[in-house]
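Ready for a few short exercises? Have a look at the structure first, then try each task before reading its solution.

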Amino acid sequence: MSRKLKLAVSQSHSLSTVEDTLGSLAATTRQAAAEGVDLLLFPEAYLGGYPRTCGFGATVGQRTDAGRAQFLRYFQGCVDLGDTPLGAGEDWIDKKLPVAKDAEYRGDGTREFLERLARTTGVFVVTGLVEKCGGSLYCAVIYVCPRRGCIGKRRKVMPTGSERLVWAQGSPSTLRAVTTTIKGVRLTMAAAICWENMMPLLRYSLYSQNVNLWLAPTADARDTWWPLMRTVGGEGRCFVLSAISCVKRKHLPAWVTGSEEPSTAEKPRIGGAPTSPNKSLHDARRRSSVIVREDRHELVLPAMEESSLEDATPASATDANHTMHKTNSLASTDRTSGHADDDEYVCRGGSCIVGPMGNSIVEPLWDVEDGGLLTCEADFEDCERGRLDLDVAGSYSRNDAFRLTVVGLDITPPP
C-alpha cells in the first residue's frame, strides 16, 4: 500500500481583522483541497497576527499609555478558543469544559469555524495563532482533523526576546505529539514554534515521540533558518514543514505603524468568524497567480507582468518542460500608511519543505506576500528508510546513559 501524502505550506500574512484572516485561510484551504493537498500548515501567529516592529511603548522600568493602547488593540484582535489559563488538555479537546448558559460553545467560534472548514474541504489544517485566555496572550498551534475536529493544541513554551512582553509562557505538557491516519498513512506530528527549534532538549523531547512530520511555523526570516530546518529533518528522519509570513511595511496593522490613533480607531471585530467556511468575501480583492510544477512539487506564485516574471520566479520555473496555469489568491485589504518605505519588506518570508534525510524538497520562498503555496508529495516510508543508520531517540541515543525528563510530559511514542 502506498504511504504517500500531499503536504503543503502557505506563505501568507495576517489581514487587518480576524474575520478577514479566517476568510483568507479558508480560501487558501479550498485552493489546497482543489490541488489534492492532504495537510496544510499556516505561519506562526497567523490568526491574531505577529506584532512585528511594535515596541508597545516599553523600556526597562517604564511603559507608556500609547503602548498600553497598542496592547489593547492587539489583545482585542486575537482569538478565544475557550481554553483555561493553565490549559485544560483533554477536557478542552473533548469539549468537556462548562459552557455559559446563554452560549452555544466556549470561546469566540474560531475553533468551530476551523473544524467546519477542515470537514468540508477534507484538508487537515494546522495553523499558528495568538490565543487570549484570561488576561494573557499565548502563541499557539492548533491541529484540526477533517474527521475528528481539533485533536490538539499547544502553546509556545519560550517566547523570544520582546515577545515575552506580550506573550505568556505555555506549559511543556502541550508538547505531546498528536496522531492521525490520512489515506491509510499513520502520522505522528508535533509542532515546534519558531526558536523552540533552537532548544536542543525540546527537539529531543519530540524526537523521542517518534515524530514523522515536524511542523515549524516561524517568524524567523533569516537565511540561517533554512539550514536549521535541514538539521531537524536529518536528525529526526522526518518531513519538515516550515511556514512564515512575508510582509511589507504597508501591510502592518495601522495601530503598529501609527497611521491611526488607537484611542479613536474602530475596534477590530471580536469573534467575527464567517458563519460558514464557504462564505465568499466580496470585499476582498483577488488577483491572478501561476502554479509552477516541478517534478512532484508545486509552487503557487502571484502572477506578474510578463516582462518581470522571469526575474521573480525561480530559474527552474523558466524551463520549457514546466506547466503553468491560472488560479486565484486572496490579496490583502489592509490599509497603507503612505510612507516612502511602504514597499520595504519587514519580513521576507522563507517558507520551505525538507525531507527525512535533511534533503531539500522545496527551498525557501522569498519576497512573496500573497498566494505562496508550497506543496510536495511525501513518501513516509522514507522516514523508516532513514532509520537504518540514525534514530536519535532509539538505536543512536545511548539511552542507558543519557536520559531526558520533561515535567508534565510523556515523551514516549503515542499509541
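The exercises below deal with a predicted model.

**Exercise 1. Find where N197 lies, decide whether it is buried or exposed, and identify what its side chain reaches.**

Step 1: Start with the chain. N197 sits in the loop between β9 (185-191) and α6 (200-207).

Step 2: Check the accessibility. The relative accessible area of N197 is 0%, and buried means under 20%, so N197 is buried.

Step 3: Look for polar partners. The N197 side chain reaches two backbone oxygens: that of A192 at 2.9 Å and that of C194 at 2.8 Å.

Step 4: Add the neighbours from further along the sequence. Beyond four places away, N197 touches A192, R203, W214, A216, W225, L228, M229 and V232.

**Exercise 2. One residue in that contact list, R203, also forms a salt bridge; work out with which residue, and what the pair ties together.**

Step 1: Find the partner. R203 pairs with E235, and their closest N and O atoms are 3.3 Å apart.

Step 2: Place both ends. Because E235 belongs to helix α7 (residues 225-236) and R203 to helix α6, the salt bridge ties together parts 32 residues apart in sequence.

Step 3: Judge each end separately. R203 has a relative accessible area of 10% and is therefore buried, whereas E235, at 28%, counts as partly exposed.

**Exercise 3. Compare the setting of the salt bridge R111 and E115 with that of D400 and R398: which residues are buried and which are exposed?**

Step 1: Take R111 and E115, whose side chains meet at 3.2 Å, N to O. They are four residues apart in helix α4 (residues 110-121), so about one helical turn separates them. Both are buried.

Step 2: Turn to D400 and R398, with closest N and O atoms 2.9 Å apart. D400 has a relative accessible area of 52% and is exposed; R398 is exposed too, with 52%.

Step 3: Put the pairs in context. The structure holds 25 salt bridges, and a network of them links D83, E131, K153 and R155.

**Exercise 4. Locate the largest nonpolar core and examine L213 within it.**

Step 1: Get the core's size. It has 48 residues, and L7, Y143, L213, L215 and F380 have the most contacts inside it. Strand β6 (residues 136-145) gives the largest share, five residues.

Step 2: Inspect L213. Its contacts beyond four places in sequence include L7, L39, L187 and F380.

Step 3: Look for a second core. Another, of 28 residues, lies apart from the largest one, with L22, A26, W92 and I93 among its members.

How values were computed
Residues numbered from 1 in each chain as written. Predicted model: local features only at pLDDT ≥ 70, side-chain atom pairs only at ≥ 80, totals over all residues. Heavy atoms only, no water. Helix = DSSP H or I, 4+ residues; strand = E, 2+ residues; numbered from the N terminus. Buried < 20%, exposed > 50% of the residue type's maximum accessible area, 1.4 Å probe, protein only. Polar contact = N/O pair within 3.5 Å; in protein donor to acceptor, adjacent residues only side chain to side chain. Contact = heavy atoms within 4.5 Å. Core = buried A, V, L, I, M, F, W, Y, C linked by side-chain atoms within 4.5 Å. Salt bridge = Lys/Arg side-chain N within 4 Å of Asp/Glu carboxyl O.
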